[in-house]
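Reader: I've just opened my first protein model and I'm a bit lost. Could you walk me through it with some questions and answers?

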Amino acid sequence: MAHIAVVYHSGYGHTQRLAQAVAEGAGAQLIAIDAEGNLPEGGWETLAAASAIIFGSPTYMAGPSWQFKKFADASSKPWFSQAWKDKLFAGFTNSASTNGDKQITLDYMFHLAMQHGGLWVGNGMMPANSKAATRNDVNWIGSFSGAMAQSPSDASAAEMFPGDLETGKKFGQRVAEMAAKLGS
């Protein structure tokens, strides 16, 4: 079985809840980036041992949080030795607006994975884009490059849409399935 790590930053708890859903689906270990942009003790070692790394960050001002960017910049150490080359990568994000420029955050994560010589896993889910679709449907935002969630600015993490959390869980399952197929 593949060892999968979900490394994420969450500012207000919404991205953490999505990270938990992704990790549940993937059978992954969570690594929280703290408020100062640092990993916990053993975090870098966990990422080194992982066969798949799933990135997570809220989308703030059309990109990932500065704490996630600090982690990304610090990943230049494994980049220099190509320690993460050929690992599977994937990503997810959340913002208050339906669009919120979340695609830019996923693109940032994709390019970070490419810098590391990784292989990217999209979500593989059809969008819920019929007239009957609701926010409680899987992939109601219609993302293909990763998992996206939307949390209204006045909603607590406990009030996240069930469709977003189920999307996260199914996304994690997809990463685990791809890791198993590749024998990671």
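Reader: Which residue is the bridge partner of Tyr 8 in β2?

Author: Keep in mind that we're looking at a predicted model. Strands β1 and β2 (residues 29–33) pair in the parallel sense, over 5 bridges. Follow the bridge from Tyr 8 across to β2, and you land on Ala 32.

Reader: And what handedness does the β-α-β unit of β1, α1 and β2 have?

Author: Start with the strands: β1 and β2 are paired in the parallel sense. Together with α1 they make a β-α-β unit. The handedness of that unit is right-handed.

Reader: Where does Tyr 12 sit, and is it buried or exposed?

Author: Tyr 12 has its place in the loop between β1 (4–9) and α1. Its relative accessibility is 68%. The cut-off for exposed is over 50%, so Tyr 12 counts as exposed.

Reader: Which residues make the nonpolar surface patch of about 450 Å²?

Author: We've already met one of them, Tyr 12, with its 68% relative accessibility. The patch covers about 450 Å², and its makers are Tyr 12, Tyr 60 and Met 61.

Reader: Let's move on to charges. How far apart in sequence are the parts that the salt bridge of Lys 169 and Glu 24 ties together?

Author: The side chains of Lys 169 and Glu 24 meet in a salt bridge, at 3.3 Å from N to O. Lys 169 lies in helix α6 (residues 162–181) and Glu 24 lies in helix α1 (residues 14–26), so the parts tied together are apart in sequence by 145 residues.

Reader: Of those two, which one is exposed and which one is partly exposed?

Author: Glu 24 has a relative accessible area of 53%, and that makes it exposed. Lys 169 has 26%. Partly exposed covers values between 20% and 50%, so the partly exposed one is Lys 169.

Reader: What separates Glu 166 and Lys 170 along helix α6?

Author: These two form a salt bridge as well, with their closest N and O atoms 3.7 Å apart. Glu 166 is partly exposed at 31% relative accessibility, and Lys 170 is partly exposed at 35%. They're 4 residues apart in helix α6, so what separates them is about one helical turn.

Reader: Now the rings. How many aromatic pairs are there, and what kind is the pair of Phe 68 and Tyr 108?

Author: The count comes to 13 aromatic pairs. For Phe 68 and Tyr 108, the ring centres are 6.4 Å apart and the planes stand at 70 degrees. Edge-to-face needs over 60 degrees, so this pair is edge-to-face.

Reader: Which helices does that pair link, and is Phe 68 buried or exposed?

Author: Phe 68 is in helix α3 (residues 66–74) and Tyr 108 is in helix α5 (residues 102–115), so the pair links distant parts of the chain, 40 residues apart. Tyr 108 is partly exposed, at 29% relative accessible area. Phe 68 has a relative accessible area of 0%, so call it buried.

Reader: Which residues do ring pairs link into a cluster?

Author: Phe 68 and Tyr 108, the edge-to-face pair from before, both belong to it. The full cluster is Trp 44, Phe 55, Phe 68, Phe 71, Trp 84, Phe 89 and Tyr 108.

Conventions: Residues numbered from 1 in each chain as written. Predicted model: local features only at pLDDT ≥ 70, side-chain atom pairs only at ≥ 80, totals over all residues. Heavy atoms only, no water. Salt bridge = Lys/Arg side-chain N within 4 Å of Asp/Glu carboxyl O. Helix = DSSP H or I, 4+ residues; strand = E, 2+ residues; numbered from the N terminus. Buried < 20%, exposed > 50% of the residue type's maximum accessible area, 1.4 Å probe, protein only. Phe/Tyr/Trp six-rings, centres within 6.5 Å; stacked < 30°, edge-to-face > 60°. Patch = residues over 30% accessible without salt bridge, like charges linked within 9 Å, V, L, I, M, F, W, Y side chains within 5 Å. Areas by Shrake-Rupley, 256 points an atom, 1.4 Å probe, with all protein chains shown as cover. Pairing = 2+ DSSP bridges. Right-handed = clockwise from strand over helix to strand, strands pointing away.
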